[in-house]
Amino acid sequence: MAATTSAKSDIARPELADQGRTRVLWADADMPVLRQVRARFEADQPFRGLRVSACLPVTAETANLARALTAGGADLVLVASDPLGTQDDVAACLVRDFGVTVGAARGEDGNGYHRHVALALAHEPHVTMDDGADLVAALTFVALDRLDDVHPAVREWANQTPAADRAAKIKDVIGGTEGRATGVARLRALETDGVLPFPVVAVDAATRRFDTRHGTGQSTLDGVIRATNMLIAGKRVVVSGYGACGRGVAARARGLGGQVVVTEVNPVAALEAALDGFAVLPMAEA
């Protein structure tokens, strides 16, 4: 039985729950390791009694992560870290079928986004899951009473609680995870300033070799093709930078028949691109 929470969901299209369930279960069929983890969590209940606030992409893949967490006893609130990628049908399914409190709407504006961040904060989590560090940053600044550093929607929520109580509640947070390189950079800045309030595991460091390279490589070109209806074969594709993302995009563009040119200011990375068979040029010439 999924955990329940007193927080109220805020989603855009509840009528799409049936469509979302089909999408979630389709993704589940291609996630065998997570299915095994979910079964183990359901038996062991490692998260019973824990409140988890997650600011992650609300997609079918994340939905199956949410299912694993709630199967393990977590009381979960999930808000969207990427409103443009939110799948409204998946959000509806999570609320109706899996007992997850969700704050997400595809294409929501900044006010809606930060209102949902406040929903995650109001859950008073023991564990955070972040994708860009907005949740941890907001928690930190609210606890420090630095309300000028947070969005007005978050500030409105924070002002409902005395500063001393806000500072006390953050001590209940055990730790968190961060899934994006930019989020890790923000967390390191908080750590350098001596204000990072709890330990955070940089998940991106473990997954960058395959998720950023292969996942971003494919999804970037998928987005270009969907937006432009362009045939990549025969087109000159200029890839700026040959880091993990650049390597992935370059490889997949070449696989689709593109004439790939890489621009790179780091001479070692530029040499790597050349040895991988790509033309390497200055940006102006490319």
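A salt bridge here is a side-chain nitrogen of Lys or Arg within 4 Å of a carboxyl oxygen of Asp or Glu. Applied to this predicted model, that rule gives a count of 13 salt bridges. Let's work through a few.

**Exercise 1.** Work out which parts of the chain the Asp10–Arg115 pair ties together.

*Solution.* Start with the distance: the two side chains meet in a salt bridge at 3.0 Å, N to O. Next, place the partners. Asp10 sits in strand E1 (residues 10–11) and Arg115 in helix H5 (residues 110–122), so the pair ties together parts 105 residues apart in sequence. Last, check exposure: Asp10 is partly exposed at 28% relative accessibility, and Arg115 is partly exposed too, at 43%.

**Exercise 2.** For the Asp145–Arg166 salt bridge, decide whether each partner is buried, partly exposed or exposed.

*Solution.* The closest N and O atoms of Asp145 and Arg166 are 2.4 Å apart. Asp145 belongs to the loop between helix H6 (134–143) and helix H7 (152–158), while Arg166 is in helix H8 (residues 163–169), 21 residues apart. Now use the cut-off: buried means under 20% relative accessible area. Arg166, at 8%, is buried, whereas Asp145, at 43%, is partly exposed.

**Exercise 3.** Explain how Asp222 and Arg226 are placed along helix H10.

*Solution.* First, the contact: their closest N and O atoms are 2.8 Å apart, a salt bridge. Then the spacing: the two residues are four apart in helix H10 (residues 203–228), so about one helical turn separates them. As for exposure, Asp222 is partly exposed at 34%, and Arg226 is exposed at 68%.

**Exercise 4.** Name the residues linked in a network of salt bridges.

*Solution.* Look for Asp18, Arg21, Arg96 and Asp97, which are linked this way.

Terms used:
Residues are numbered from 1 along each chain as its sequence is written. This is a predicted model: local features need pLDDT of at least 70, side-chain atom pairs count only at pLDDT 80 or more; totals for chains, interfaces and linings use all residues. Side-chain values use heavy atoms; hydrogens and water are left out. Buried means under 20% relative accessible area, exposed over 50%, partly exposed in between (1.4 Å probe, protein chains only).
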